[in-house]
There are 4 protein chains.
Amino acid sequence: MSPRSKAQFEEIREASTKKILEAALELFGTRGYEATSIAQIAKSAEVSKGLVYNYFESKEHLLEAVVMDLMNIGDEMVEQMLDPDPAKTLENLIKTVFQWLAENDRLNRLLVSLSTQLDRFQFVRDLASKKMDGYLMMLEELLQKLDFEDAKTEARILATFFDGIALHVMMMKEEYPLLEVQEMLINKYCKNSTVN
Amino acid sequence: MSPRSKAQFEEIREASTKKILEAALELFGTRGYEATSIAQIAKSAEVSKGLVYNYFESKEHLLEAVVMDLMNIGDEMVEQMLDPDPAKTLENLIKTVFQWLAENDRLNRLLVSLSTQLDRFQFVRDLASKKMDGYLMMLEELLQKLDFEDAKTEARILATFFDGIALHVMMMKEEYPLLEVQEMLINKYCKNSTVN
Amino acid sequence: MSPRSKAQFEEIREASTKKILEAALELFGTRGYEATSIAQIAKSAEVSKGLVYNYFESKEHLLEAVVMDLMNIGDEMVEQMLDPDPAKTLENLIKTVFQWLAENDRLNRLLVSLSTQLDRFQFVRDLASKKMDGYLMMLEELLQKLDFEDAKTEARILATFFDGIALHVMMMKEEYPLLEVQEMLINKYCKNSTVN
Amino acid sequence: MSPRSKAQFEEIREASTKKILEAALELFGTRGYEATSIAQIAKSAEVSKGLVYNYFESKEHLLEAVVMDLMNIGDEMVEQMLDPDPAKTLENLIKTVFQWLAENDRLNRLLVSLSTQLDRFQFVRDLASKKMDGYLMMLEELLQKLDFEDAKTEARILATFFDGIALHVMMMKEEYPLLEVQEMLINKYCKNSTVN
DNA sequence: GATGAATGAGTGTTCATTCAT
DNA sequence: GATGAATGAACACTCATTCAT
């Protein structure tokens, strides 16, 4: 009865959605959300303006979809760095953060830029808040195992520092001495257990 | 209708310019650059739209003037914290940074948000780059005096960390444990000379 | 996969057409023609957008079909009120008009609203004009039999009045005193023969 | 100080406002509110789209302004027809209504068309409701003085009839026999007192 | 016969900027 | 120096219509 099967339609939908999401990420990440127009996204995705609205209710919903996509990727990465040795886990974590920053310039820029507009995008605030809490708890636990005195504040410092790096890498790109900083950080935090 | 002296004109110019700059800073800081219109600035400064364009070539030039103003204030602050004892100077510096962040929510937000658009605002890139270099050099010198081994990287870490705090305070406002973090930071960096 | 007979196809066609027409009537009547989208009609008729265009050339042609449908219903009603006694026929007519208005809020609204756009919908103009002529002639004939002096103008007045009620009922809904008005109207027009 | 005086600005504003209001009335009245775009109004008023929004917050506010303008005119007319003799006043009223309909085609069409969208335009509903109440009371009073038995319902009938004429004139324009209908109406209602 | 993905012209609205005075 | 009326390009979004399957 139907001319195309459900599966065929699904394929088409997915392909178009993907093209749009990728274009949106690219542009939101490089120019920022406000400075990117739907027309630009459509053009970059080689698609009509109207189609964007077939798949996403509004520009803001498109942004939400882009961010949600990213978050899922983030979760997967965390699981891969667990290790029986807490020092090793922390080292993995640090290395992963640094590597991610080196490779995901546009996502990084998008996330930082959104963090300046938390009031406007409630969903970002909720998401960031939840992520940050999980983040902090994990770090605190690790640092406790590594016998840090005030693990809670140390975790805060480490988390703050990670985002500081995100900001600086975003601003300076390759000029930021990621390797040196990473090494010193590992020295400071992952060699602690042996010292104490 | 007595003709006005040059000085009088100059006074008027300066007063109007100041009113506009203040309104622009306030609005750019709270709503963001994109979301603030020239009409809003003019209204808030109790001035006509046309007058804004008499003093500033464009919205972007107005932004530039606002940022320049901020930077000058920053320079003044640095001079006030110098102390013969490097540990004391560093402590002053840390305290000043923390205090500024606690008190200047909107400026902080404006600066962070501009840092995400360095490609668009070339003058911000140049400015930030120059400031950062001076900043880093000053920190490196201090840390060297405090006998840190790799003072260059430590300076980088400290600068990165400051901006990380800026980012987190902007996001979390009063919820960020500024005091605890500040204390731990002072312990880590300003007690070094006595230890070594 | 048995081939379907012509009759079966015809049945399918008719069923789909009917569903679409009903949905369109409902939506045009409640939201208005401009404010109703083809997508809404298709959804409400549980049919694809494409199918609507299989059966109706355009949105405007669909409207035309809807209106034609309505008109046929109107014709059927007229035949049911004929009576040997002209006074009785007129009374039937009045009562039918009032009852229809009380029961067909949405159709009434659609027709009035279309009458304000006669220039745009030529077919409505033609249709309305033809209907009105027949209407007037019937009324004139009746009133002549009831010995009204200037039956032509009286017929015009009655017809005008009917549409005035349509307008007011549409605006005021239940607040309009349909019963009182109906009674007075019957008194004025259907008791004439006994007086003269 | 100011380049143009307040009065000059006021003049300019008024002239532009008037041009826009006139164009809007013309187009809303002929094509309807929905079918008229701001672009069309601006073009017809020989003005930029942007200017329309300088003077009117939104398309709906523009409509409101147009309608309010009309209503004020209506009020002025009522006062001019009062007469010590109620029969004469009623006659004046009838004549005024008929004359207004003959001369104000577009306003009439606009008002009828808005009456089909009372739910959408709250301000029209409020306005119409208030006008109608005053209208009915005045008619009732007049008819009471003229010794009509059920003056309340008669007033309702007259008011309904007026709007019926409005509807028919709007549809048929010059083809509607305004004069004959007017004469018969005056005969029916304004000769009553002498008979009784 | 039937589907719904895709298009593009059009909508209401905003706003940086210009300019006559 | 100062005003605000005026412009026009741009924006987010809608929707009648087409078409490959």
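What turn and what shift along the axis lay chain C on chain D?

## Chains C and D

A turn of 176 degrees with a shift of 0.2 Å along the axis lays chain C on chain D, and the RMSD is 0.7 Å. Here, copies are superposed by least squares on the C-alpha atoms of residues with pLDDT of at least 70 in both. In chain C, C:Gly164 has the C-alpha nearest the axis, at 1.5 Å from it.

How do these copies meet? Of the interface residues of chain C, 95% are also interface residues in chain D, so the copies meet through the same surface.

## About the model

This model is predicted: local features need pLDDT of at least 70 and side-chain atom pairs count only at pLDDT 80 or more, while totals for chains, interfaces and linings use all residues. Residues are numbered from 1 along each chain as its sequence is written, chains are lettered from A and ligands numbered from 1 in the order in which they are written, and side-chain values use heavy atoms, with hydrogens and water left out.

## Chains A and B

Now for the other pair. Chain A can be laid on chain B by a turn of 176 degrees and a shift of 0.3 Å along the axis, with an RMSD of 0.7 Å. That is the relation of a two-fold axis. The C-alpha of A:Gly164 is the one in chain A nearest the axis, 1.9 Å from it.

Chain A shares 95% of its interface residues with the interface residues in chain B, so the copies meet through the same surface.

## Chains that stay apart

Some chains do not touch, where contact means heavy atoms within 4.5 Å. Chain B and chain C are one such pair, with their nearest C-alpha atoms 32 Å apart. Chain A and chain D do not touch either, and their nearest C-alpha atoms are 21 Å apart.

## A look inside chain A

Chain A has ten helices and zero strands; helices (H or I, at least four residues) and strands (E, at least two) are DSSP runs, numbered from the N terminus. Its C-alpha trace spans about 70 × 40 × 30 Å along its principal axes. Among contacts between residues at least 6 apart in sequence in chain A, 65% join residues at least 24 apart.

Of the 196 residues in chain A, 47% are buried, meaning under 20% relative accessible area (1.4 Å probe, protein chains only).

Technical notes. Buried < 20%, exposed > 50% of the residue type's maximum accessible area, 1.4 Å probe, protein only.
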